[in-house]
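Here are some short exercises to work through with the sequence and the 3D view side by side. Try each task yourself before you read its solution.

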Amino acid sequence: MELPVFNDNLRSSASWATALERARKQWQQAQVLSEGQLQLEARLRAQQLSQALQRAGREVTKEQIARLIAAPPESLAAMSVDEQKAVRLLRAARLVSAWATASGAEMKLARLSELYRVLSGSDAEGHLFRTSEATPLSPAHNPVPAAILPRLVENALEWFTAPSFFEIHTVEQASLVYLRMLDLQPFPSESEQMALLTASFYTERAGLPPLIIYADELTAARYSAVIDAAFRMLTQPLVEFFAESLTRTIEAGLAVEE
């Protein structure tokens with residue numbers, strides 16, 4: 001799949017870009033105070049985890065989410081399989097945040113592999129690329145053969161550092177990263193979460209929250225439609241989907257709980 005770098009369908013829309021920029025400023029202002037930063041972090045991780053679990057068909061309470069977020073590293077072995085998976089997701093998300101806030105941050109192949117190890121719990125060495133053929137994610141998706149994955153993944157990560165990539169809006173960058181990672185499915189499992197976390201590196205690097213795909217029925221139906229469109233090289237709906245999701249995350253994080 002060729003990346004639609006300069007296609008007419010990938011242009012910033014003043015409406016979503018303006019709304020997101022306004023929300024981003026509020027988000028950054030709220031992070032100035034250390035106390036506010038801690039509250040935002042807790043709310044953000046709760047959103048990431050709860051939405052991911054709901055999309056996977058698992059219902060959890062706020063109390064359960066809070067317990068998982070606060071779980072110490074040594075408690076992992078005593079947890080259920082589902083709880084371990086949830087904690088690994090949190091650890092992977094925090095790892096991306098740490099990378100994104102470092103000076104001169106870039107997503108390299110070694111980091112991509114490390115992210116997968118944390119998320120999947122794998123202790124295998126090497127880059128862990130899938131060796132079997134992937135299942136298409138939509139009628140328009142034609143997964144690449146496993147034999148050429150290493151070269152294509154390296155090419156994609158290199159392109160994500162090119163000057164032309166930095167000429168487009170942050171959300172457009174993240175959308176292209178997400179789509180390319182979803183298209184390649186580099187690893188044997190966790191394809192969607194890996195794509196989401198990898199793309200979140202680019203939004204967080206720009207001072208925005210990570211990407212979250214919300215679990216409500218309306219969002220789920222829309223997501224299915226925009227992914228199908230994206231694999232047909234119509235990427236603007238995906239860009240707008242993620243811009244609205246980021247705005248929603250910021251508004252949720254800044255909301256005062258009663």
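**Exercise 1. Charges over rings**

Over the ring of which residue does the charged end of R248 sit?

*Solution.* Keep in mind that you are looking at a predicted model.
- Step 1: Find R248 and follow its side chain to the charged end, which sits over the ring of Y214. The distance to the centre of that ring is 4.0 Å.
- Step 2: Now turn to R55, whose charged end sits over the ring of Y223. Here the distance to the ring centre is 5.1 Å.

**Exercise 2. From a ring to its partner**

Describe the aromatic pair of W159 and F160, then the pair that Y223 forms.

*Solution.*
- Step 1: There are twelve aromatic pairs in the structure.
- Step 2: For W159 and F160, the ring centres are 5.8 Å apart and the planes meet at 70°. An angle over 60 degrees counts as edge-to-face, so that is the name for this pair.
- Step 3: Y223 pairs with F241, with 5.8 Å from centre to centre and 45° between the planes, and this pair is tilted.
- Step 4: Place the partners on the chain: Y223 belongs to helix α10 (residues 217–231) and F241 to helix α11 (residues 236–254). They are 18 residues apart, and the pair links distant parts of the chain.
- Step 5: Both Y223 and F241 are buried.
- Step 6: Return to W159 and F160, which ring pairs link into a cluster with F165, F166, F201 and Y202.

**Exercise 3. Buried or exposed?**

Sort W159, F160 and M233 by how much of each is accessible.

*Solution.*
- Step 1: Recall the cut-off: buried means under 20% relative accessible area.
- Step 2: W159 has 19%, so W159 is buried.
- Step 3: F160 is at 1%, so F160 is buried as well.
- Step 4: M233 has 26%, and therefore counts as partly exposed.

**Exercise 4. Into the core**

Which residues have the most contacts inside the largest nonpolar core, and what does one of them touch?

*Solution.*
- Step 1: The largest nonpolar core has 79 residues, and F160, Y178 and F242 have the most contacts inside it.
- Step 2: Helix α4 (residues 81–100) gives the most to this core, with ten residues.
- Step 3: A general tendency is worth remembering: in soluble globular proteins, nonpolar side chains tend to be buried together.
- Step 4: Leaving out residues up to four places away in sequence, F242 touches V171, S175, Y178, L196, L211 and I213.
- Step 5: Look at S175, found in helix α8 (residues 170–184). Its relative accessibility is 2%, so S175 counts as buried.
- Step 6: The side chain of S175 reaches the backbone oxygen of V171 at 2.8 Å. With the same sequence neighbours left out, S175 touches L238, V239 and F242.

**Exercise 5. Positive phi**

Where do E190 and M233 lie, and what is the phi of each?

*Solution.*
- Step 1: Start from the general pattern: most residues other than glycine have a negative phi.
- Step 2: E190 is not a glycine, yet has a positive phi of about 60°. E190 lies in the loop between α8 and α9.
- Step 3: M233, also not a glycine, has a positive phi of about 75°. Look for M233 in the loop between α10 and α11.

**Exercise 6. Confidence**

How many of the residues, in percent, score a pLDDT of at least 70?

*Solution.*
- Step 1: The share is 91%, and the protein averages a pLDDT of 89.
- Step 2: Over residues 1–12 the pLDDT is below 50.

Notes
Residues are numbered from 1 along each chain as its sequence is written. This is a predicted model: local features need pLDDT of at least 70, side-chain atom pairs count only at pLDDT 80 or more; totals for chains, interfaces and linings use all residues. Side-chain values use heavy atoms; hydrogens and water are left out. A nonpolar core is a set of buried Ala, Val, Leu, Ile, Met, Phe, Trp, Tyr and Cys residues joined through side-chain atoms within 4.5 Å. Buried means under 20% relative accessible area, exposed over 50%, partly exposed in between (1.4 Å probe, protein chains only). Helices (H or I, at least four residues) and strands (E, at least two) are DSSP runs, numbered from the N terminus. Contact means heavy atoms within 4.5 Å. A polar contact is a pair of N or O atoms within 3.5 Å; within protein, one must be able to donate a hydrogen and the other to accept it, and residues adjacent in sequence count only if both atoms are side-chain atoms. pLDDT is the predictor's confidence in each residue, from 0 to 100. Rings of Phe, Tyr and Trp (its six-membered ring) pair if their centres lie within 6.5 Å; planes under 30 degrees apart count as stacked, over 60 as edge-to-face and the rest as tilted. A charge sits over a ring if NZ of Lys or CZ of Arg is within 6 Å of the ring centre and within 35 degrees of the ring normal.
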